[in-house]
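Got your viewer open and a few minutes to spare? Then come along on a short walk, one selection at a time.

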Amino acid sequence: MRGKAWKFGDNVSTDLIAPGRYYHLRSNLPELAKHCLEDADPNFAANVKPGDFVVGGRNFGLGSSREHAPVIIKMAGAGAVLAESFARIFYRNAVNVGLPVVECDTSQIDARDELDIDVAAGVVRNLTRGTAITFHPLEEAMRRILEDGGLVEHIKKHGGFAIS
Amino acid sequence: MGLTLAEKILSINLAREVHAGDFAVFTVNLCLLQDGTGPLAVRQFKKLGFSKVFDPKSVVIFLDHAAPSPKSELSNDHMLLREFARETGSVLSDVGDGVCHQVMSQYYTSPGDVLIGADSHTVTGGALASFATGMGSTDVAVGMGLGKTWLKVPATTRIVAEGDLPVGVYSKDIILHVIGTLGADGATYMSLEFGGGTIDRMAMSSRLVLANMAVEAGAKVGLVASDALTQKYLVQYDRGAAYREIRPDSDATYASVLEIDSAKLEPLVACPHTVDNVKSVREVAGTKLDQVMIGSCTNGRLDDLAVAALILRGKIRHVNTRLVVVPASRRVFMEAVEAGYVKTLLEAGAVIMPPGCASCCGVHGGILGDGEVCLATTNRNFLGRMGNPKSFVYLSSPATAAASAIKGEITDPREVL
């Protein structure tokens with residue numbers, strides 16, 4: 001996966017990703033995706049290119065369980081979310097909807113840096129800086145779900161959970 | 001090796017001993033959907049090829065976040081959920097019945113249950129010694145279809161509170177202290193287990209506050225052991241038979257322990273725009289308020305309306321400060337009417353909203369204007385949470401909120417108690 005970094009700070013809440021004032025758009029995801037992260041960066045949704053990356057700091061995705069948050073990040077075009085740490089429900093939801101999440105040292109990434117992510121090798125290469133950041137792979141259970149393309153596909157493929 | 005409360009409940013579920021770090025597939029006892037996450041869950045349920053839920057009486061669908069609906073799109077979502085409840089025989093808790101977590105606690109959640117809800121504050125049920133945890137729509141859709149979910153058994157931080165709370169200090173102040181101490185990610189992936197003399201003597205209405213906000217420190221569950229007070233609560237809702245005692249072992253292994261001297265606590269607030277930005281009321285006293293909101297799954301229970309009524313009796317809200325009160329459930333509303341609290345609050349200038357989430361999640365019922373400041377008894381103050389990214393939200397106990405409504409600024413409730 002290769003793309004440009006969109007940099008955000010610590011504690012990006014699901015209210016920032018999918019604001020409550022657009023609650024009525026939750027059954028209209030393409031429209032909701034136009035407002036993705038708009039209170040954090042009003043330029044994001046209109047300018048993100050397919051394959052770009054959302055890069056956060058600590059505790060990315062804290063707050064509500066709204067799965068719409070990772071869904072619209074994916075619909076907006078992002079190929080993965082990178083953060084120093086993730087809130088639990090967002091992390092699980094992202095895997096369930098097939099959006100790769102990478103927990104790594106994002107202090108080494110600036111806005112607009114060109115990144116190349118090798119999920120299998122566990123390396124983020126910062127092509128702009130010429131550096132490499134290693135990361136721990138997903139837990140086995142989540143890796144299996146992500147590799148199947150998300151939880152719906154995982155369950156349909158195996159007829160139940162096949163996580164170990 | 002002794003077990004924590006989380007390990008105890010999950011070991012009962014699996015009928016074999018599990019420990020922190022273990023992965024397993026567990027039996028789901030209860031599922032919760034609400035009107036914000038439910039429509040997506042229903043679509044995923046159908047995409048998964050399911051037509052029947054694992055146990056219709058154990059799947060509860062709530063219309064509470066937009067209740068009554070302020071927009072046609074949300075009315076259509078409500079229609080979809082009502083139709084799904086009809087098709088599958090699931091339980092429907094319709095507009096006006098109350099906030100999901102309050103209604104679940106009253107009528108459905110029991111000690112030992114594994115409860116998965118498509119709402120992060122599902123953790124509220126941990127006050128009844130239920131492994132109650134928030135998940136996304138797809139996880140709950142799978143839970144509704146299979147009656148199963150996968151979990152990693154969490155490690156535990158034990159919170160031990162000893163001593164009596166001073167006048168004007170409540171469980172809300174304890175949990176704000178905990179979140180301020182641990183940080184918004186201080187308990188990520190973990191169980192917070194509340195114990196000690198303060199908790200042992202605490203009414204269920206206050207224990208529910210602790211469990212409800214465990215997620216604001218990142219926790220997967222916030223648990224309290226079940227005891228005679230749990231039993232009393234269940235009996236109150238004609239569910240005495242659901243009681244079972246579940247306690248952690250005295251030699252359980254904890255990742256960490258946080259000790260609290262309850263007598264030394266004081267009224268606290270969470271300041272904009274994170275819940276762990278906790279200060280004492282003294283530090284921010286005098287902050288002007290455009291709105292005070294008393295309600296939510298955190299602090300919209302009868303005891304909360306009682307303390308608000310006690311403080312507001314014979315007083316009137318400040319002319320510049322709107323006072324919005326939202327009972328957490330129909331039952332709470334009826335009991336508050338019978339007790340005279342509603343009359344007292346109306347005489348004090350309050351607007352009473354129907355039971356539900358109201359402005360807490362930014363949908364309707366008291367959205368703030370640009371630059372406006374609100375003190376709410378809710379659980380989140382993120383930028384934009386109450387519907388306007390240009391507004392400011394502080395969080396407090398109902399007593400602090402009521403005292404502040406009178407003065408029109410953040411006020412220490414001990415001034416009026």
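The tour below goes from chain A to the place where the chains touch, and then into chain B.

**Stop 1: chain A as a whole**

Before you start clicking, keep in mind that this is a predicted model. Select chain A and color it by secondary structure: you should find seven helices and seven strands. Walking from the N terminus, the elements come in the order β-α-α-α-β-α-β-α-β-β-β-β-α-α. The radius of gyration of chain A is 15 Å, close to the 15 Å that the globule rule gives for 164 residues, so the chain is as compact as a globular protein of that length. Taken along the principal axes, its C-alpha atoms fill a box of roughly 45 × 40 × 25 Å. Of the 164 residues, 53% count as buried. Among the contacts in chain A with a separation of 6 or more, 63% are between residues 24 or more positions apart.

**Stop 2: the sheet of chain A**

Now show just the strands of chain A. Here is an open sheet of seven strands, in the order S4-S3-S2-S1-S5-S6-S7, with mixed pairing. Look for the edges: strand S4 (101–103) and strand S7 (131–134) of chain A each pair on one side only. Neighbouring strands of this sheet are turned by 30 degrees against each other on average, ignoring direction.

Zoom in on strand S5 (residues 114–118) and strand S6 (residues 123–126) of chain A. This pair runs antiparallel and is joined by four bridges. To see one of the partnerships, select Leu115(A) and Asn126(A): Asn126(A), in S6(A), is the bridge partner of Leu115(A).

**Stop 3: Leu37(A), a backbone oddity**

Most residues other than glycine have a negative phi. Select Leu37(A), where phi is positive, near 60 degrees, in a residue other than glycine. You will find Leu37(A) in the loop between helix H2 (29–33) and helix H3 (44–47) of chain A. Is this residue, Leu37(A), buried or exposed? Leu37(A) has 24 other C-beta atoms within 10 Å, so it is buried; the cut-off for that is 20 or more.

**Stop 4: where the chains touch**

Bring chain B back into view. Here 46 residues of chain B are in contact with 39 residues of chain A. On the chain B side, strand S1 (23–27), helix H2 (38–47), helix H3 (72–88), helix H5 (137–146) and strand S7 (148–152) each supply at least two residues. H5(B) gives the most to this side, with five residues. Color the chain B side by residue type and you get 19 nonpolar, 16 polar and 11 charged residues.

**Stop 5: inside chain B**

Hide chain A and select helix H8 (residues 204–212) of chain B. Eight of its nine residues are buried, so H8(B) is largely enclosed by the rest of the structure. Among the buried ones are Ser205(B), Arg207(B), Leu210(B) and Asn212(B).

Val209(B) also sits in helix H8 of chain B. It is buried, with 30 other C-beta atoms within 10 Å. Which residues does Val209(B) contact, leaving aside its neighbours within four places in sequence? Select Ser171(B), Lys172(B), Ile175(B), Thr298(B) and Asn299(B) to see them. Then draw a line from Val209(B) to Asn379(B): they are 170 residues apart in sequence, yet 9.2 Å apart in space, C-alpha to C-alpha.

Next, go to strand S10 (residues 221–224) of chain B. Val221(B) and Leu223(B) point one way, Gly222(B) and Val224(B) the other way, and all are buried. S10(B) pairs with strand S9 (residues 191–195) of chain B in the parallel sense, over four bridges. One match to pick out is Glu193(B), whose bridge partner in S10(B) is Leu223(B).

**Stop 6: backbone details in chain B**

Most peptide bonds are trans. Select Ala67(B) and Pro68(B) for a cis one, with omega about -5 degrees. Pro68(B) lies in the loop between strand S3 (59–62) and H3 of chain B. Another cis bond runs from Pro272(B) to His273(B), with omega near -5 degrees. His273(B) is in the loop between strand S12 (268–270) and strand S13 (278–280) of chain B.

Finish at Asp238(B), which has a positive phi of about 60 degrees although it is not a glycine. Asp238(B) lies in the loop between helix H9 (228–236) and strand S11 (256–261) of chain B. Asp238(B) is exposed, with 9 other C-beta atoms within 10 Å.

Conventions:
Residues are numbered from 1 along each chain as its sequence is written. Chains are lettered from A and ligands numbered from 1 in the order in which they are written. This is a predicted model: local features need pLDDT of at least 70, side-chain atom pairs count only at pLDDT 80 or more; totals for chains, interfaces and linings use all residues. Two residues are in contact if their C-beta atoms, placed from the backbone, lie within 7 Å. Ala, Val, Leu, Ile, Met, Phe, Trp, Tyr, Cys and Pro count as nonpolar, Asp, Glu, Lys and Arg as charged, and the others, Gly among them, as polar. A residue is buried if 20 or more other C-beta atoms lie within 10 Å of its own, exposed if 12 or fewer, and partly exposed in between; C-beta atoms are placed from the backbone. Two strands pair if DSSP finds at least two bridges between them. Axes are lines fitted to C-alpha atoms, for helices over the stretch in contact, and angles run from 0 to 180 degrees between N-to-C directions. The radius of gyration is taken over C-alpha atoms; the globule rule is 2.2 Å times the number of residues to the power 0.38.
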